[in-house]
Each structure stands twice: as C-alpha cells, then as structure tokens.
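Reader: I should be grateful for a close look at a single helix and at what surrounds it. Please proceed step by step.

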Amino acid sequence: MIEQHFPQLVGRKGVSAVMLCDTRGGVRGYWVKPKMNNEVLGEICEQFVHVFSLANQLGYEIEELVVPFEKGLIYARPAEKFILGVVARLNLDVSLLRLIVNVHLADFLQDKKVQRMLKKWPEWSPANSSPIKLDEIEVQLIQRMTEASRG
Amino acid sequence: MDNKKSSPIRPDMIFKLSNRRSPQEVKLKSLEWAVITQLNGEKTVAQIGEILALNQEELQDIFGRLIQEGLLELVNHSSTTQVVPQHLLKEIEYILTLYVGPIAAILVDDVLSEMKLERKSVEVRYLPFLVERLSYEITSPEKQLKFQREALEIIRDLDYA
C-alpha cells in the first residue's frame with residue numbers, strides 16, 4: 001500500500017521508513033529500507049497517537065510534527081483516521097518532504113479503494129491516548145511545540 | 001571493479017565512516033584504506049584526492065566501491081552549493097502564471113526577496129520551500145495543491161543531498 005500510494009517517499013534517498021498508523025496506534029501499512037528493523041514502527045505509531053490525542057484534548061491543532069533526533073528526523077502528518085509517519089535522515093529537506101506528503105496524501109485520500117478502507121478504520125477519540133495526567137512541564141512542552149508549529 | 005551503477009562522486013562531497021559497517025569486515029585495497037584514514041567528516045572528496053594524489057576517475061572508483069560496501073555516509077556537500085538553473089525557475093514561474101496570471105513574476109521576486117535570495121543564485125535546497133511559499137499566493141486550496149503537484153514534478157529529481 002505504501003509503495004503504491006507514496007512512491008516518491010519510498011524511492012527517495014534519505015528516507016528510511018514510511019508508515020501509516022491508525023488512531024489506535026496500530027501499524028496499517030509500512031515500508032522500510034532494506035536491513036532496517038521494522039519492530040520499532042509500532043512504538044513510533046503509539047507515540048504519534050499519544051501526542052496527537054493529547055494535543056486534541058488540549059485544543060491544539062497540530063498540522064504536522066517534525067522531531068529531529070541524533071541521526072535523523074521523524075515526520076508525522078495526522079489525517080482524519082490515520083497518521084502518516086516518515087523516518088528520514090537529517091539531511092532530507094523538510095520542505096521537500098512536506099511537499100511530497102501534500103501531493104501524495106491528497107491522491108491517497110481521493111482513491112476510492114482507500115476511501116472504502118478508511119471507512120472501517122476507527123475514528124479519533126479521547127480514549128485513544130493513555131489516560132495519564134500531564135504535569136506542568138508536559139503541558140508547557142506541548143504548548144511550545146504547538147506555538148513553534150504555528151510559526 | 002564495476003562502478004557503473006554507482007552515483008557520481010562530486011568533488012565537493014564530504015563523507016564519514018558509517019557506523020553500520022566496519023572497514024575490517026571488507027577486504028580493501030591499500031588506496032581504499034588510504035582514503036578511509038583520511039575521512040573525518042570534514043574533508044571534501046577533492047581535498048582527499050589532493051592529499052593522496054588521486055585523480056577524479058580514481059576517486060570515483062574508490063569512493064564508489066566504499067559506498068557500495070556500505071562503509072561511507074554522506075555528511076553533506078561543502079560550501080560549494082548547487083544553484084538552481086534559471087530555466088527551472090522560469091518553468092516554476094510559468095506554472096504559477098497559470099494560477100495567478102501575469103503577476104507571477106512579481107510574486108516570485110517578492111518571495112525570493114522575503115527569503116533573502118536572488119534569482120541568479122537560488123540554491124537547490126531552498127527550492128521546495130520556495131514552491132511551498134509560492135503556493136500560498138494561490139487563494140484556492142485545491143489550486144494550491146495542483147501547483148505544488150506540478151512544481152514537484154519539476155523539482156523532485158534534483159539532488160538535495
């Protein structure tokens with residue numbers, strides 16, 4: 001599914017993994033570079049759902065998330081019933097990534113088969129995230145992230 | 001040594017040793033070892049070539065092999081940056097004209113000015129952001145996306161490394 005609908009991501013130098021997470025943190029589809037361990041994708045999906053659910057609960061609208069780490073970056077784009085995630089190397093330009101995701105995601109959502117498939121996927125709900133309470137630092141962190149994403 | 005399939009090694013490229021594979025795991029020739037010892041994530045291919053008195057063809061062969069063996073990681077290009085060819089900017093401007101009319105040229109200049117860039121020296125790495133920024137000058141979200149799609153077709157195969 002990923003190769004079919006996101007060909008410019010899959011074939012792009014610097015992209016290590018592309019995944020489609022449902023709103024419960026399940027991995028519905030993925031592509032990984034040869035030799036890359038795919039076991040970590042489930043954890044990444046769970047974290048995505050956690051972050052976006054918390055942001056929803058706090059009333060923040062995050063259109064995308066870019067998290068740099070030591071050797072790369074994680075890019076996430078939430079949609080009505082899923083999150084598209086990309087793991088890439090740091091030298092991959094985020095604007096280019098965003099542009100490709102914009103175009104592919106629109107085509108993906110227009111596809112009739114995809115639309116039928118998405119009907120069966122769960123909606124976002126407050127129950128999707130872990131029922132934990134945020135401390136003050138976590139709230140501040142999310143506020144800063146959302147402010148940064150709003151530019 | 002067959003390097004026909006390897007990407008061209010440009011003199012301004014900078015490599016470092018990959019953490020994923022050790023040179024000890026591969027049988028290397030003495031010149032390949034010599035290159036390995038020079039890698040520090042700062043020297044360009046050209047600088048290493050100069051130190052070891054290697055010509056471009058030799059560098060292509062050696063770096064090509066080391067990359068194929070998974071021993072190298074591209075750090076980045078040096079300050080010698082790639083500039084967007086003028087015809088490419090013109091193409092993007094033409095596409096924008098189809099959406100916003102003859103004002104497109106002015107919009108391109110305005111956005112470039114906001115980005116503190118000049119037409120003749122726009123680096124390739126700024127191109128996706130330029131396209132994205134220009135798309136916001138189109139009012140309709142559907143047409144924005146259409147413009148992004150068409151511009152992406154033009155810029156997607158450039159070397160952004």
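Author: Two residues are counted as in contact if their C-beta atoms, placed from the backbone, lie within 7 Å. The model discussed here is a predicted one.

The helix chosen is α7 of chain B, residues 141-155. At 1.5 Å a residue, its 15 residues should span 21 Å, and the end C-alpha atoms are indeed 21 Å apart, so expectation and model agree. Within α7(B), the residues B:F147, B:Q148 and B:A151 are buried. Viewed down the helix axis, the buried residues fall within an arc of 100°, and they therefore line one face of the helix.

What does this face pack against? The partners of the buried residues of α7(B) come from both chains: α4 (94-110) of chain A, and α4 (86-100) and α6 (127-135) of chain B.

These elements reappear in the largest nonpolar core, which has 47 residues. Among the members that touch the most others are A:V18, A:F48 and A:L97. At least two residues of this core are supplied by each of β1 (15-22), α3 (40-57), β4 (72-78), β5 (82-89) and α4 of chain A, and by each of α4, α6 and α7 of chain B. The largest share, 8 residues, is contributed by α3(A).

A:L97 may serve as an example of the contacts in this core. Leaving aside residues up to four places away in sequence, A:L97 touches A:Y75, A:V86, A:A88 and A:L92. Another core, of 14 residues, lies apart from the largest one and includes B:I9, B:V35, B:L39 and B:L71.

Methods:
Residues numbered from 1 in each chain as written. Chains lettered and ligands numbered in written order. Predicted model: local features only at pLDDT ≥ 70, side-chain atom pairs only at ≥ 80, totals over all residues. Helix = DSSP H or I, 4+ residues; strand = E, 2+ residues; numbered from the N terminus. Expected span 1.5 Å × (residues − 1). Buried ≥ 20, exposed ≤ 12 C-beta atoms within 10 Å, placed from the backbone. Arc of directions from axis to C-beta. Core = buried A, V, L, I, M, F, W, Y, C linked by C-beta atoms within 7 Å.
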